[in-house]
Amino acid sequence: MQTPDKLNDGQLSDEQSREVADTIREEIARRRISRQALAEQAKLSLSTLEKALGGRRPFTLATTVRLEQALGVSLRKSAAAPSPTAGSDVAPDSLGAYSHRAVTWLEGVFVTLRPSFGDKDAIFAYRTEIVWEPNVSSLVFREGERTDAAYEHTGEVAVPHQSGFIYLVINKHGQHRVITVSRPTVAGEMYGIISTLRAGPGSQLTPVAAPIAYVPLRNVAKPSWGRVGPDDANHPLYRDHLRRTVDESFALFLPVSAPLQAEQKK
């Protein structure tokens, strides 16, 4: 006998499933509830919810409706007009109008490194996959292996010819996160800056910018994920990659001027 959450009632598209997953993660983070609690409220198995949020299976209509009822929000966006380039081999002009063939060198799986926002001596490491998505005719990126899974993101990749940089962009309900990185080095690494929001006590959010590095997974024999402290075997390697971002001027962080510092102390 099939359990209620496994009824074959039709599956959402990959794009719809990703949008639903992103919205659910935002709601979980905003409400500070666990995935287990949400699964129980929606009368779903935790395994079903985890697989759908992780992209290992699409959301079904029945599952989505139960989650909408549990959260009290709509998870499905109204149908939008299709992009003129959807299904083609060329990305929209807003992303750089690149062809798939021209950016195959960028596809792959990376160990993503940035400073830990909660521990000044630690480095936060997670997995990022960059792939071509035919449904939107562009490169997209998907994050995983994050210990703060509620903040895993999926977004678009812009590769404009003019600047020579690569932009990983998230725009969810008008809230933006932008990562600007260099073209890959000979070894495939990309270095740059992440501009995002840091979660503080309660509902406090603070804009923050930090160095970031994308290291091809093949370049790290046994990657460590999550908050990597000085006692971890990979910490020196991760630290060197982050330092390279600034030491080799892949990105610059301008010092605060003396007059501004004086104003802040008043």
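## Two nonpolar cores

The largest nonpolar core in this predicted model has 25 residues. Look for Tyr98, Leu139 and Val157 here, since these are the core members with the most contacts inside it. Strands do a good share of the supplying: S2, S3 (138-144), S4 (154-158), S5 (166-172), S6 (175-181), S7 and S8 each bring at least two residues to this core. S2 gives the most, with 4 residues.

Which residues does Tyr98 touch, leaving aside those up to four places away in sequence? The list runs Asp89, Val90, Ala91, Val103, Trp132, Ser138, Leu139, Val157, Ala158 and Val159. There is also a second, separate core, this one of 16 residues, and Val20, Ala52, Leu67 and Leu71 are among them. As a general backdrop, nonpolar side chains tend to be buried together in soluble globular proteins.

## Helix H4 and what covers it

Now for helix H4, which takes in residues 61-71. Its buried residues are Ala62, Thr63, Thr64, Leu67, Glu68 and Leu71. Two of these, Leu67 and Leu71, have already turned up as members of the second core.

What covers the buried residues of H4? The cover includes three helices: H1, H2 (35-41) and H3 (46-53). Once H4 is over, the chain goes on to Gly72, which has a positive phi, near 75°.

## Helix H5 and its buried side

Helix H5 covers residues 235-247, 13 residues in total. At 1.5 Å a residue it should span 18 Å, and its end C-alpha atoms are indeed 18 Å apart, so the expected span and the model agree.

Which residues of H5 are buried? They are His235, Tyr238, His241, Leu242 and Thr245. These residues cover an arc of only 135° around the axis, so they sit on the same side of H5. That set of buried residues packs against five strands: S1 (108-115), S2 (123-133), S7 (190-199), S8 (205-216) and S9 (226-228). H5 is followed by Ser249, and here phi is again positive, near 60°.

## Salt bridges, buried and not

How many salt bridges does the structure hold? The count is 9. One of them pairs Asp22 with Arg25, with the closest N and O atoms 2.9 Å apart. Both residues belong to helix H1 (residues 14-31), and they are 3 residues apart, about one turn of the helix. Is this pair buried or exposed? Asp22 has a relative accessible area of 5%, so it counts as buried. Arg25 comes in at 6%, so it is buried too.

Asp121 and Lys120 make another salt bridge, at 3.4 Å from N to O. Here Asp121 is partly exposed, because its relative accessibility is 39%. Lys120, at 76%, counts as exposed. A further bridge links Glu248 to Arg244, and its closest N and O atoms are 3.0 Å apart. With a relative accessible area of 46%, Glu248 is partly exposed, and Arg244 is partly exposed as well, at 25%. Finally, Arg18, Glu133 and Arg142 are joined into one network by salt bridges that share partners.

Note on methods
Residues are numbered from 1 along each chain as its sequence is written. This is a predicted model: local features need pLDDT of at least 70, side-chain atom pairs count only at pLDDT 80 or more; totals for chains, interfaces and linings use all residues. Side-chain values use heavy atoms; hydrogens and water are left out. A salt bridge is a side-chain nitrogen of Lys or Arg within 4 Å of a carboxyl oxygen of Asp or Glu. Buried means under 20% relative accessible area, exposed over 50%, partly exposed in between (1.4 Å probe, protein chains only). The expected span of a helix is 1.5 Å times one less than its number of residues. The arc is that of the directions from the helix axis to the C-beta atoms. Contact means heavy atoms within 4.5 Å. A nonpolar core is a set of buried Ala, Val, Leu, Ile, Met, Phe, Trp, Tyr and Cys residues joined through side-chain atoms within 4.5 Å.
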